[in-house]
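Trainee: Pick one part of this model and take me through it slowly, please. Then tie it to the rest, so that I can follow along in the viewer.

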There are 4 protein chains.
Amino acid sequence: MPHYVLTLSCPDRPGIVNAVTGHLLRYEGNILEAQQYNDRETDRFFMRTVFALAPESLAQVRAGFDTLARAFRMEWSLRDRGEPRRVMLLASKFDHCLADVLYRWRIGELPMAITAVVANHPRETYRHLDFDGIPFHHLPVEKGRKHEQEAALAALIEETGTELVVLARYMQVLSAELARTLAGRCINIHHSFLPGFKGARPYHQAHARGVKLIGATAHFVTADLDEGPIIEQDTQRVSHHDTPDDLIRIGRDIERRVLAQALRYWLDDRILLNGHRTVVFAV
Amino acid sequence: MPHYVLTLSCPDRPGIVNAVTGHLLRYEGNILEAQQYNDRETDRFFMRTVFALAPESLAQVRAGFDTLARAFRMEWSLRDRGEPRRVMLLASKFDHCLADVLYRWRIGELPMAITAVVANHPRETYRHLDFDGIPFHHLPVEKGRKHEQEAALAALIEETGTELVVLARYMQVLSAELARTLAGRCINIHHSFLPGFKGARPYHQAHARGVKLIGATAHFVTADLDEGPIIEQDTQRVSHHDTPDDLIRIGRDIERRVLAQALRYWLDDRILLNGHRTVVFAV
Amino acid sequence: MPHYVLTLSCPDRPGIVNAVTGHLLRYEGNILEAQQYNDRETDRFFMRTVFALAPESLAQVRAGFDTLARAFRMEWSLRDRGEPRRVMLLASKFDHCLADVLYRWRIGELPMAITAVVANHPRETYRHLDFDGIPFHHLPVEKGRKHEQEAALAALIEETGTELVVLARYMQVLSAELARTLAGRCINIHHSFLPGFKGARPYHQAHARGVKLIGATAHFVTADLDEGPIIEQDTQRVSHHDTPDDLIRIGRDIERRVLAQALRYWLDDRILLNGHRTVVFAV
Amino acid sequence: MPHYVLTLSCPDRPGIVNAVTGHLLRYEGNILEAQQYNDRETDRFFMRTVFALAPESLAQVRAGFDTLARAFRMEWSLRDRGEPRRVMLLASKFDHCLADVLYRWRIGELPMAITAVVANHPRETYRHLDFDGIPFHHLPVEKGRKHEQEAALAALIEETGTELVVLARYMQVLSAELARTLAGRCINIHHSFLPGFKGARPYHQAHARGVKLIGATAHFVTADLDEGPIIEQDTQRVSHHDTPDDLIRIGRDIERRVLAQALRYWLDDRILLNGHRTVVFAV
């Protein structure tokens, strides 16, 4: 039997879980996982549930749920877990995040359909990477013509039915307009422990400040640079011995695992937006 | 309105969550937190939920739940979260875990009623610790008379209505008999990352082996030494520079935080037994 | 034979280590530990060495070293490791760092002479803490009379021969003047991972930003608030479930261990200033 | 000027550092890095130093050092840091460690000459990996003919001038004989936090025991399975939710970074043997 993932959020009130589970039960949906969270500060309720269901019941479950959702003023999504989500990868010169995501995808660790690899550097830059049939697009950013490059990118996202754009150390700042278009479906990996060291050359900033740990942050992209909702972060110990180049090397490992973790959460519908923060149902 | 914590486990089957939430809803119980876990290996279902309820409805909720629980073959517990649980602390010469638990209790971080501090060393050993009215019992273990000491201890546990016994670096091995009596309600902190370095002098064992991290493990006590269900563990980096005495010093910090975490989980009914392993609803 | 600690920094050039070790060897000093660091960026050399020496040779070693140090333009210090350093602890309402430092001192983990505990709250606030003979001074900060309080504090530091002032969650900002007076000998624990969340209520700031890790920072105090040279930092994972109060609780553990680590480094002469950063010879 | 790395160990006694630095100074060697360690337990001294030297002085430095080393009964090695070391990679079906080491090598993070990739699976297994000209050898292990396979392997190691053999999740146990031949120059990555879970299927063992952290260990291979000197370890948090497959996935990340770290240490002559333990000059 196929598995489905239902995520929802709504104003908190008694009876939500009972209504949701009752609805699924009515169609013999069998709940396999469930996570809930009540934000006491905002009185908002968040839920994610995975259930097995006979596929012929799906249309009814969905239709009935729509009515239920309206009664509870839910934002919700119901997805077939077996249908791989469509993800586009954007990269620049440094390909450690790109190579890592591709590897994890190849061995089945990140179940998704990669719609394209897009870079502002030519294919040659990634000559040691096997794209295994994934279309590659070279979209260089020429001085004063960023707008055109973004238009081409937006068209590609549209055409390919891309659901998520991953900035895998893509070193171009998106325009406010494109950031808004991709709101909630564009993840960036920033190479610092935000909110420390926003903007350019964060490892050099970290070295200059003399911090004893460095970090990386995966976040949704918004029009406000490095201010989007944080999905995942991690840090690692460094010392006075470490030069900026050492920090860059150590940081590559942090970036790879933080981005992969954020992507895994997203692919498994574990991230819900809560204002400018995230609810991440990690387990 | 008072808060109650319901925990349960039972063979998995459809409808459990719906039945439980429906039952609580019927009496206007308002669910504040819920965690679930389906163990696919054993097909067993685990749940913890916190709900607010008018106290006059409690008897009915409990009675009705008893019927429901029988139908689902549940093991369950329903507890008033406002009633502090009764905990006894056992210590030996090293008092870092004892001092730490007492401090956390004093500032309200570990809400519990401490029924007694029991030690095989005299009160004088802990002269710098303010027990703040907690009864202290000196129960030394004399050669060949361990049985008598344990009888006195068991009597004290009984008399004081102690629900949980915490071995806060209590350096006496409990007899198999006492271990069985306290099954599921006695937590020990072992000063190694189990299953490595069981038994005596684990830091010396760790030093001799040349490990690069040391750890500590909080587990339920069973008749099998250092083999009980693990509740919480943590590790910390060490190096060739560290002597056994350094490991002991570094280890004190790990032990304190691992024991405190395990105790916090227990006090908040977050630990359920799953055979010889634990389900810990950490968040 | 007594142990001495020599620390020095100077412009880098060939022959420093040979000159230092040769000088110690001449008086039969036996080197037990040595750490060195060459900062390639600033071309400055840093060294710490621990050696055993017959006490009757000390005056000669010191006098000869003075000459050598001038030749190499060294800043240096030579200290008898057996003489406990004189440390003053400042606290406010929250006493977790104070209690922790006192405990570690009591069991010998932090070898020092505590000259005084000073607080802007009365002795009663810490009634559960055994000061074990350490003088306590209540120096409240009255509105508009901070200058007078600081004058009293400065006098006390002077009178007691205090070498290091530890702000153990002392919630008063030192005036620029006092900060300058205590340059390089006043350590603060800030309850965030600097440079993130400077200033007041950092856990509330962290919660509002939705970070997935929180941290603490021990640093030397300078006239620039939360901008002094960083000595030690650590972080811990949190989640959307954690309220500001949870962050405060989790943070207490981070603060305690970060401050204790920084203090241990200082007591063992492991921290050297390198501009507005630190060299910490951790092992 | 080229950089050289000198490592040595010898019985501890006064004057070692002075003699070594004096010798280098005589030939205008300029010390760039130095680490020392005195093992008080065994009274053995360990040192690593990096220095710049005019290449025409090398022969004299080496000859003179030989005399000095005999006087101090040193085991020592002096190596040109610019000459990449010769490393052979062995792999089996799972290629995450192999792919990771190759990636790090390609971007210059692990400066070495890879003499060969050897596998008991055919080239086709790694079809997505670009070996970039590195010779590949398929050496399958046929039932009852392991001896022959190892003879071929040993010959290849000999012929290629391989200095270090890396078992990058190579799932064949080396014979005692081959292990002895490769003593001190064969590194394995074991997928558990040793000494816990030696032998086969460690993630399944870890799951069965219910540990709350899993780990990986890089160690030198000896005839005693999983008992060789430990070089590097790390751990990561898991929970009751994680199935053996989840542990395998999480473990891949730990294995990759632990092996890469151990390899980096080895390539930079940071690992010295101290009986059946290691001294690792990490910084």
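**The hairpin, and outward from there**

Mentor: Start at G275(A), which has a positive phi near 65 degrees and belongs to the hairpin of β12(A) and β13(A), with two residues between the strands. Keep in mind that this is a predicted model. The hairpin strands themselves are β12, residues 271–274 of chain A, and β13, residues 277–280 of chain A; they pair antiparallel over four bridges. If you want one pair to click on, take L272(A), which faces V279(A) in β13(A). As background, strands of a sheet pair through backbone hydrogen bonds, either parallel or antiparallel.

Glycine isn't needed for a positive phi, as D226(A) shows: phi there is near 60 degrees, in a residue other than glycine. You'll find D226(A) in the loop between β10 and β11 of chain A. Follow that loop into its two strands: β10 (residues 213–220) of chain A is joined to β11(A) by seven bridges, and the two run antiparallel. Within that pairing, G215(A) sits opposite T235(A) of β11(A).

Now zoom out to the sheet that holds this pair. It is an open one of seven strands in chain A, with mixed pairing, and reading across you get β7-β6-β5-β8-β9-β10-β11. At the edges stand β7 (136–138) and β11 (230–237) of chain A; each has a single partner strand, so one side of each is left with no neighbour in the sheet. From one strand to the next, the twist averages 20 degrees. If you plan to look at side chains here, remember that in a regular strand they alternate between the two faces of the sheet.

Stay in chain A for one more backbone detail. Between L194(A) and P195(A) the peptide bond is cis, with omega near 10 degrees. P195(A) is placed in the loop between β9 (186–190) and α6 (202–209) of chain A. Hop over to chain B and you meet a cis peptide bond from L194(B) to P195(B), omega near 10 degrees. There, P195(B) lies in the loop between β9 (186–190) and α6 (202–209) of chain B.

At the other end of chain A there is a label from a record: an unreviewed UniProt entry annotates residues 5–83 of chain A as "domain: ACT". Over that stretch of chain A, 33% is helix and 41% is strand, and the end C-alpha atoms are 11 Å apart.

Next, how the copies relate. Chain C goes onto chain A by a rotation of 180 degrees with 0.0 Å of shift along the axis, at an RMSD of 0.0 Å. The C-alpha of chain C nearest that axis belongs to G196(C), at 2.4 Å. Chain B superposes on chain D by a rotation of 180 degrees with 0.0 Å of shift along its axis (RMSD 0.0 Å). These two copies are therefore related as by a two-fold rotation axis. In chain B, G196(B) has the C-alpha nearest the axis, 2.4 Å from it.

Chain C has an open sheet of seven strands too, ordered β7-β6-β5-β8-β9-β10-β11 with mixed pairing. Its edge strands, β7 (136–138) and β11 (230–237) of chain C, each pair on one side only. For a parallel pair, look at β8 (residues 164–167) and β9 (residues 186–190) of chain C, joined by three bridges. There, L167(C) has N188(C) in β9(C) as its bridge partner.

Last stop, the second largest pocket, at about 940 Å³. It has 46 lining residues, with F94(D), R169(D), Y170(D), M171(D) and H191(D) nearest its centre. Elements giving two or more residues to this lining are α3 (96–106) of chain A, plus α5 (176–181), β9 (186–190), α6 (202–209), β10 (213–220) and α7 (244–267) of chain D. By class, the lining has 21 nonpolar, 14 polar and eleven charged residues.

How values were computed
Residues are numbered from 1 along each chain as its sequence is written. Chains are lettered from A and ligands numbered from 1 in the order in which they are written. This is a predicted model: local features need pLDDT of at least 70, side-chain atom pairs count only at pLDDT 80 or more; totals for chains, interfaces and linings use all residues. Side-chain values use heavy atoms; hydrogens and water are left out. On a 1 Å grid over the protein atoms alone, a cavity is a set of points where a 1.4 Å probe fits but cannot get out, and a pocket is an open set with protein on both sides within 12 Å along at least five of seven lines; lining residues have an atom within 4 Å of a point. Grid points are joined across faces, edges and corners, and a volume is the space filled by probe spheres set on the points. Ala, Val, Leu, Ile, Met, Phe, Trp, Tyr, Cys and Pro count as nonpolar, Asp, Glu, Lys and Arg as charged, and the others, Gly among them, as polar. Two strands pair if DSSP finds at least two bridges between them. UniProt positions are given in the numbering used here, feature names are shortened, and annotations may be inferred rather than shown by experiment. Copies are superposed by least squares on the C-alpha atoms of residues with pLDDT of at least 70 in both. Axes are lines fitted to C-alpha atoms, for helices over the stretch in contact, and angles run from 0 to 180 degrees between N-to-C directions.
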